[in-house]
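User: Please take a close look at one part of this model. Which atoms meet there, and how does the part fit into the whole?

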Amino acid sequence: MADRTRGEARQRATSTATTRRRNLARIIPGTPPGTLRPPEPGAAAARRVSVIAYTHDAVTETEGKTLDEALAAAGPGVRWINVDGADAPLLHELGARFKLHPLALEDVLSGPQRPKVEHYADHYFMALRMLRCTTPGQADVDDEQVSVFFGHDWVITVQDRPDGDVFDPVREAIRQARGRVREAGADYLAYLLLDAVVDALFPVLEAVSDRVEALESETLRAAPLTLQALQHTRHTVLSLRRAIWPTREAIGALQREDNSLISAETRVFLRDSHDHAVQALELVEAFREMLSGMMEVYLSVQNQRLNEVMKVLTVIATLFIPLTFIASIYGMNFALMPELHWRFGYAWALGLMAVTTIGMLVYFRRKGWW
């Protein structure tokens, strides 16, 4: 059991180090602004392009490995183009077709970026952080950047990996014509995607909350691996804060934008997403305070245990001081010492030591030292 616990702790530490390396921005020093990184080996084979086009009456879904292949069969109306595993050539093609700004395209490949919203001539760019639990119910968090472009009648989402996302409820809403998504424009679809990213934070926060509650009882026991678990959970909470804080600011900025690309009705819905982001941030701040308090409690329990051990050792050492003195006196073996020739001298020395020990213990007890 102990070996398994230590193995899980080492695996958690390795996962934390890997997450930190993954959270470093992939920027090549010295490159001009707007330069896209060359494609990685196998990127073209791993990418997937899907298009959902919809009007009030119909929905068409297409998929392909190239943009032209996916758009060829797309129907009329608002088009949602989703790219999994984009590379530089595909982004160049998207930029040329939809007139996307080169700096925004660079941010897509040089992520993870701080969540933000940027307004260009005829489109918006949003960099979001999609957080999910790697294992359902566990506090280990997977972080992925999602880049969102939207214009008059199109929305483009670019994801780093093709291993799933949090947008399935939006896809089902489009297919089933739930809500007002097929009545509204591309700005409302962009809001739904943003809201899906924000709502996906709450299962993660629930898992972190369960982990924090479990650590509260472990902290009082002050087990050896508790400190490592506290540090790992604290790192997870800090990662959540770095993702949620700028997301709240980005939603607020988008809500205040006065532009024809965002309708007044959509701004009303953005207020709801902003409220959810604020609520998530308040939970993260509460977790930070709780973990800081638990860290102090853990150190206090450790200090208390150390004090108890030191007190016991001090009492034992103090008891042996007079015993050592008595033994050293009778160990000198001078001829003038009458106890050396006394029949009961040995018993006398042991009795004196016992009486001295009992007397000191009684004294310590009355003083409250033991």
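Analyst: **A bridge between two helices**

Arginine 241 and glutamate 285 form a salt bridge, with their closest N and O atoms 2.7 Å apart. A salt bridge here is a side-chain nitrogen of Lys or Arg within 4 Å of a carboxyl oxygen of Asp or Glu. The model is predicted, so local features need pLDDT of at least 70, side-chain atom pairs count only at pLDDT 80 or more, and totals for chains, interfaces and linings use all residues. Residues are numbered from 1 along each chain as its sequence is written, and side-chain values use heavy atoms, with hydrogens and water left out.

The pair links distant parts of the chain, 44 residues apart. Arginine 241 lies in helix 9 (residues 226–256), and glutamate 285 lies in helix 10. Helices (H or I, at least four residues) and strands (E, at least two) are DSSP runs, numbered from the N terminus.

How covered are the partners? Arginine 241 counts as partly exposed because its relative accessibility is 27%. Glutamate 285, at 22%, is also partly exposed. (Under 20% relative accessible area is buried, over 50% is exposed, and partly exposed is in between, with a 1.4 Å probe and protein chains only.)

Now set this bridge beside others. The structure holds 22 salt bridges. One of them joins glutamate 63 and arginine 48, at 3.5 Å from N to O. It too links distant parts of the chain: glutamate 63 sits in strand 2 (residues 59–64), arginine 48 in strand 1 (residues 48–54), 15 residues apart. Glutamate 63 is exposed because it reaches 51% relative accessibility. Arginine 48, at 31%, is partly exposed. Glutamate 218 pairs with arginine 211, with the closest N and O atoms 3.9 Å apart. Arginine 211 is partly exposed at 22%. Salt bridges also link Arg132, Asp142, Glu144, Arg161 and Asp163 in a network.

Helix 10 has another role in the picture. The largest cavity (points on a 1 Å grid over the protein atoms alone where a 1.4 Å probe fits but cannot get out) has lining residues with an atom within 4 Å of a point. They are Met126, Phe150, Asp187, Ala190, Tyr191, Leu254, Ile262, Thr266 and Leu270. Helix 7 (186–199) and helix 10 (264–330) each give two or more of them. Helix 7 gives the most, with three.

As for the whole, the protein has 11 helices and seven strands. Buried residues make up 43% of its 370 residues.

Key: 1 Å grid on protein atoms, 1.4 Å probe; cavity = no way out; pocket = protein on both sides within 12 Å on 5 of 7 lines; lining within 4 Å.
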